[in-house]
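Work through the exercises below with the sequence and the 3D structure at hand. Each task is followed by a solution in steps.

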Amino acid sequence: MDFLRDDESLIKDETPLCYDYIPKPIKYREGQQQEISYAIKPLLNGRDGGNLFVYGSPGVGKTLAVKYLFREIEFEGDNIIPIYINCWKKDTSHRIALEICKAIGYKWTHNKGTDELLKSITEILNKKSTVICLDEIDKAKDTDIIYNLCEDLNKKSIIMITNYRDWIADLDDRIRSRLVPQSLEFEAYNASEVSGILRERCNFAFVPGVLNDEAFDLVARKTCELKDIRSGLFLLKKAADEAERKSSREIKLEHAKLAIEKFSSEFKIKNAKEFGDEENSLIEIIKENSGTIKELYGIYIKKGGNKSYRTFYRKIDELLENHMIEADEKDGKARIISYGRKLTDF
Ligand SMILES: Nc1ncnc2c1ncn2[C@@H]1O[C@H](COP(=O)(O)OP(=O)(O)OP(=O)(O)O)[C@@H](O)[C@H]1O
Ligand SMILES: [Mg+2]
């Protein structure tokens, strides 16, 4: 039998399998990209831009579409300043303001309050045009900064991204009436789109001919079920690892199946680095303990946690929605929260 040698690999380039790889062009999102372009187009002519409210389930290309556009803007020159902020990581107006300062290279931030920072930000940004993306906006603890940016910046587009269509309805009227954002939905991909996206990544990532069709089809089907392209990228990489571990020159169905088994315990939709410290310390607790939310809250408090039960509960819900942790639901009983998924779930 023809085995893979130690110095050989099935992967010619791992980058296309990474979550933050930006393909060019982005398939199946022409309509959405067009809408985003329309919103910022006035900025090119020195006028104020439109604002966008982008929503859709996890892993459907929302962040990708905006980052792609930001890269194009950077390429075009420096009349429009693109600023990307993940509000899960920067979750207060003050932290967001600091992040904007960092993005524009303003260093005199020490001991300054949010208003003071905003004053400097406005002065700098009003010399040009700005596109600000507030990704995972629902994770921001306060939204005051949106009001300020809207009021103070003369030429800007504000793009807010979230998984929740209803988020905008709960936004303070005062802010909403200033923003008047256009809503933009990213629907889940259909089966042929999922295949198209994954196939393209495979062509860039794998040595030609090493990926067996049956293995690919199984991964594509699973990805379609899960609706999140990240799960497909994870499975492809895992399947290749399994094949290499067995010194196989081909990624076969059996390797894809093994990848799916591992998926249950290892796949996490977001990179841990996308989460704040608090979420990560919660995840650590849940890695070591499973139980009802009440029980976990008890452990959290014992470990010195200081958030209210309500806040704790909300954070657990967020982690569940993002598939970072799992809940086992039995009729009429409290949910048991744990870290890993069960294999039988897939
Ligand atoms: N049309 C596409 N073509 C190629 N890759 C895509 C496409 N759509 C999504 N992806 C890939 O899927 C992964 C998830 O996309 P992205 O990060 O944009 O998801 P998202 O919609 O922002 O999800 P979340 O709400 O969880 O943040 C990324 O690795 C991205 O490159
Ligand atoms: Mg995203």
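## Exercise 1: Overall build

The protein has 13 helices and seven strands, where helices (H or I, at least four residues) and strands (E, at least two) are DSSP runs numbered from the N terminus. The radius of gyration, taken over C-alpha atoms, is 22 Å, close to the 20 Å that the globule rule gives for 346 residues, so the protein is as compact as a globular protein of that length. That rule is 2.2 Å times the number of residues to the power 0.38.

This is a predicted model, in which local features need pLDDT of at least 70 and side-chain atom pairs count only at pLDDT 80 or more, while totals for chains, interfaces and linings use all residues. Residues are numbered from 1 along each chain as its sequence is written, and chains are lettered from A and ligands numbered from 1 in the order in which they are written.

Task: State what share of the residues is buried, and what share of the contacts is long in sequence.

Solution. Step 1: a residue is buried if 20 or more other C-beta atoms lie within 10 Å of its own, exposed if 12 or fewer, and partly exposed in between, with C-beta atoms placed from the backbone. By this count 34% of the 346 residues are buried. Step 2: two residues are in contact if their C-beta atoms lie within 7 Å. Of the contacts with a separation of 6 or more, 72% are between residues 24 or more positions apart.

## Exercise 2: The cores

Task: Find where the largest nonpolar core lies relative to domain 1 and domain 2.

Solution. Step 1: a nonpolar core is a set of buried Ala, Val, Leu, Ile, Met, Phe, Trp, Tyr and Cys residues joined through C-beta atoms within 7 Å. The largest one has 70 residues, of which Ile159, Met160, Val219, Leu235, Leu236 and Ala239 touch the most other members. Step 2: helix H9 (residues 229-245) supplies the largest share, eight residues. Step 3: domain 1 (30-185) and domain 2 (189-266) both contribute residues, so this core lies between them; the bounds come from an automatic or database domain assignment. Step 4: another core, of nine residues, lies apart from it and includes Leu282, Ile286, Ile316 and Leu319.

## Exercise 3: One helix

Task: Decide how the buried residues of H5 are placed around its axis.

Solution. Step 1: Ile145, Ile146, Asn148 and Leu149 are buried in H5. Step 2: they cover an arc of only 165° around the axis, which puts them on the same side of H5; the arc is that of the directions from the helix axis to the C-beta atoms. Step 3: these buried residues pack against helix H3 (93-103), helix H4 (114-125), S3, strand S4 (156-162) and helix H6 (173-179).

## Exercise 4: Backbone exceptions

Task: Is Glu136 buried or exposed?

Solution. Step 1: most residues other than glycine have a negative phi, and most peptide bonds are trans. Step 2: Glu136 is not a glycine, yet its phi is positive, about 55°. Step 3: Glu136 sits in the loop between strand S3 (129-135) and helix H5 (144-152). Step 4: Glu136 has 24 other C-beta atoms within 10 Å and is buried.

Task: Identify the residues joined by a cis peptide bond.

Solution. The bond joins Lys24 and Pro25, with omega about -5°. Pro25 is in the segment before helix H1 (30-44).
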